Amino acid sequence: MTAVPPHSAVRQQYEMLPYPPVNPQDERHRLMHTWLEQLPMLNHYCFGGRQSFRDGFRALVAGGGTGSATIYLAEQLKHTDARVVHLDFSAASMDIAKARAQIRGLTNIDWVLDSILNIPQLALQPFDYINCSGVLHHLPDPDAGLGALLSVLKDDGALGLMLYGQIGRTGIYQMQELMRAVNRGETGIPGELDNAKQLLAMLPAGNWFKRCEDLWRADMASDADLYDIALHSQDRAYTVEQLYAWLADGHGLSLAFSAVHKGRSAYLPGLLLGRQHPPPPVLAKMTGQSQRAQYAMAELLSGNIMTHVFYATRSPQACAAYGDAALVPFFCNEPLNGPQVAAIFNQNGGEPFWLDHKHVGVTTVVHPGRHAAQVFQYLDGQRSFQQIFDLVRAEPASRAHGLSNQQLFDDFRSSYDILNAMERLLLRHPHAQS
Ligand SMILES: C[S@@+](CC[C@H](N)C(=O)[O-])C[C@H]1O[C@@H](n2cnc3c(N)ncnc32)[C@H](O)[C@@H]1O
């Protein structure tokens with residue numbers, strides 16, 4: 001390890017406090033999911049819905065920590081010839097990840113104890129997918145880390161990134177600054193933690209960390225969590241606009257944002273303000289702007305986006321295309337089946353209705369189109385749009401009789417858009433992973 005001094009404060013932190021804290025024994029009774037690594041999502045957003053995850057698929061988890069993304073990927077891929085490389089410079093973290101893999105009997109993981117910055121010198125074969133979650137913002141030069149990742153990414157490969165969100169973490173940076181001042185002269189992690197705990201127990205009500213406590217209370221359960229949030233020595237965050245400037249303008253990457261459990265809906269002012277009905281004129285001013293501008297406004301509007309979770313691809317066409325009749329629509333992250341969704345979309349005789357999705361936190365009016373309920377009736381995760389549309393047209397007394405595929409796609413678009421924005425409805429090629 002040449003690029004990172006062996007005693008860098010960041011490495012020391014993760015040797016002493018592996019992150020996230022996980023008990024390997026828990027692998028015996030649950031599989032932890034990581035949002036971006038769900039293969040159906042990866043396929044939809046990064047591989048046009050055409051990825052089989054066979055044929056030598058290769059994934060790198062860079063700064064994999066205690067192994068959550070590694071284990072989830074390896075578990076999903078264990079019946080294929082795919083391999084997962086887990087790389088981290090913390091031996092203590094990697095030991096936990098290895099113990100988790102061993103308990104699960106996973107043999108499709110290769111372990112690399114090294115720095116991300118050394119990747120170009122490691123003679124690794126190129127990767128189809130690289131996860132780097134919560135890591136680049138801890139490097140002194142995040143762009144150097146990104147460059148190292150891009151050096152081993154296939155041209156048609158994808159990155160899955162999590163980077164801190166600046167607006168949502170406002171109070172955290174004030175707390176970190178305060179703790180740096182308090183801990184001046186303090187030499188060890190235990191002393192720093194002790195000072196933080198004392199202060200946190202008596203923060204005045206006006207303190208920004210205290211005011212926004214609901215955003216991070218769940219992330220302060222252990223010393224590792226507390227150190228990561230309030231005491232990190234190398235930590236920066238990004239606004240949406242800064243991410244676009246860095247990654248899209250600077251590196252030509254296309255970004256597909258997907259907040260955990262919420263998808264794109266967290267970045268769409270039209271859905272964040274969906275309760276306003278009829279929509280006030282100011283909303284049209286917002287929703288009429290570019291996707292990039294809308295996302296930036298949504299971040300300022302909601303104020304609570306603490307992490308930006310997204311895929312980044314070199315190709316602007318990596319996402320499965322709505323409008324291709326050969327693709328199969330399927331539900332993801334959604335317990336309801338086609339007929340159940342059809343019943344909801346038909347509840348008002350096909351007229352606009354209020355959708356109140358408690359789990360995602362979206363309440364909005366949906367304009368279902370004339371044939372959406374029929375489409376959902378036949379949507380079983382196996383039939384292509386072509387097959388579904390043929391069945392819709394063939395129904396006795398169908399109002400869709402004689403309509404073209406294009407007309408049916410246009411009619412279904414608003415229903416697709418809202419469910420897709422919440423990662424409930426995705427697309428795949430018939431022969432690809434569902
Ligand atoms: C906040 S943890 C995130 C762990 C994991 N990606 C996750 O999301 O659960 C950051 C991890 O990145 C690792 N890390 C930080 N800088 C690194 C570097 N330059 N090279 C390799 N690993 C690094 C740390 O050791 C730590 O395990």
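The lining of the second largest pocket in this predicted model is made up of 22 nonpolar residues, 16 polar ones and just three that are charged. The pocket itself takes in about 970 Å³ of space. Its lining runs to 41 residues, and those that sit closest to the centre are Arg264, Leu268, Asp417, Ile418 and Ala421. Quite a few elements chip in with two or more residues each: on the helical side H2 (39-46), H12 (269-272), H13 (281-287), H14 (291-302) and H18 (405-421), and on the strand side S6 (254-257), S7 (307-313) and S10 (362-366). H18 has the largest share, with seven lining residues.

H18 turns up again in the packing of the interior. The largest nonpolar core counts 74 residues, with Leu159 and Phe376 touching the most other members. To this core, too, H18 gives the most, again seven residues. As for Leu159, once its neighbours within four places in sequence are set aside, its contacts take in a run of leucines, namely Leu146, Leu149, Leu150, Leu153 and Leu253. The other contacts of Leu159 are Tyr129, Ile130, Phe310, Tyr311 and Ala312. Another core, of 32 residues, lies apart from the largest one, and Tyr45, Leu73, Ile109 and Tyr129 are among its members. Tyr129 thereby shows up twice, as a contact of Leu159 and as a member of this other core.

Two strand pairings are worth a look. In the first, S1 (residues 58-62) and S2 (residues 83-88) run parallel, joined by five bridges. Ala62 is set opposite Leu87 of S2. S2 is mostly tucked away, with five of its six residues buried. In the second pairing, S8 and S11 (residues 425-428) run antiparallel and share four bridges. Here Pro329 has Leu427 of S11 as its bridge partner. Side chains in a regular strand alternate between the two faces of the sheet. In S8 (residues 328-331) neither face is left open: Val328 and Phe330 are buried on one side, and Pro329 and Phe331 are buried on the other.

The backbone has a few oddities of its own. Most peptide bonds are trans, and most residues other than glycine have a negative phi. Against that background, the bond from Tyr19 to Pro20 is cis, with omega near -10°, and Pro20 belongs to the loop between H1 (9-16) and H2. A further cis bond leads from His277 to Pro278, with omega near 0°; Pro278 is part of the loop between H12 and H13. Both of those helices also supply residues to the pocket lining described above.

Positive phi values crop up in two non-glycine residues, and their surroundings are quite unlike in exposure. For Phe53, phi is near 60°. Phe53 is in the loop that links H2 to S1, and its relative accessibility is 0%, so it counts as buried. For Ala123, phi is near 55°. Ala123 lies in the loop between S3 (109-113) and S4 (127-133), and since its relative accessibility is 69%, over the 50% cut-off, it counts as exposed.

Two further residues, one in a loop and one in a helix, round off the picture. Tyr238 sits in the loop between H10 (223-231) and H11 (240-251). Loop or not, Tyr238 counts as buried because its relative accessibility is 4%, under the 20% cut-off. Beyond four places in sequence, its contacts include the stretch Leu163, Tyr164, Gly165 and Gln166, together with His137, Pro142, Leu243, Trp246, Glu299 and His308. Tyr238 is 34 Å from Ser52, C-alpha to C-alpha, with the two 186 residues apart in sequence.

Gln377, by contrast, is a helical residue, part of H16 (residues 372-378). With a relative accessibility of 42%, which falls between the 20% and 50% cut-offs, Gln377 counts as partly exposed. Not counting residues up to four places away in sequence, Gln377 touches Gly338, Pro339 and Ala342. Its C-alpha atom is 8.3 Å from that of Ala343, a residue 34 places away along the chain.

Terms used: Residues are numbered from 1 along each chain as its sequence is written. This is a predicted model: local features need pLDDT of at least 70, side-chain atom pairs count only at pLDDT 80 or more; totals for chains, interfaces and linings use all residues. Side-chain values use heavy atoms; hydrogens and water are left out. On a 1 Å grid over the protein atoms alone, a cavity is a set of points where a 1.4 Å probe fits but cannot get out, and a pocket is an open set with protein on both sides within 12 Å along at least five of seven lines; lining residues have an atom within 4 Å of a point. Grid points are joined across faces, edges and corners, and a volume is the space filled by probe spheres set on the points. Ala, Val, Leu, Ile, Met, Phe, Trp, Tyr, Cys and Pro count as nonpolar, Asp, Glu, Lys and Arg as charged, and the others, Gly among them, as polar. A nonpolar core is a set of buried Ala, Val, Leu, Ile, Met, Phe, Trp, Tyr and Cys residues joined through side-chain atoms within 4.5 Å. Buried means under 20% relative accessible area, exposed over 50%, partly exposed in between (1.4 Å probe, protein chains only). Contact means heavy atoms within 4.5 Å. Two strands pair if DSSP finds at least two bridges between them.
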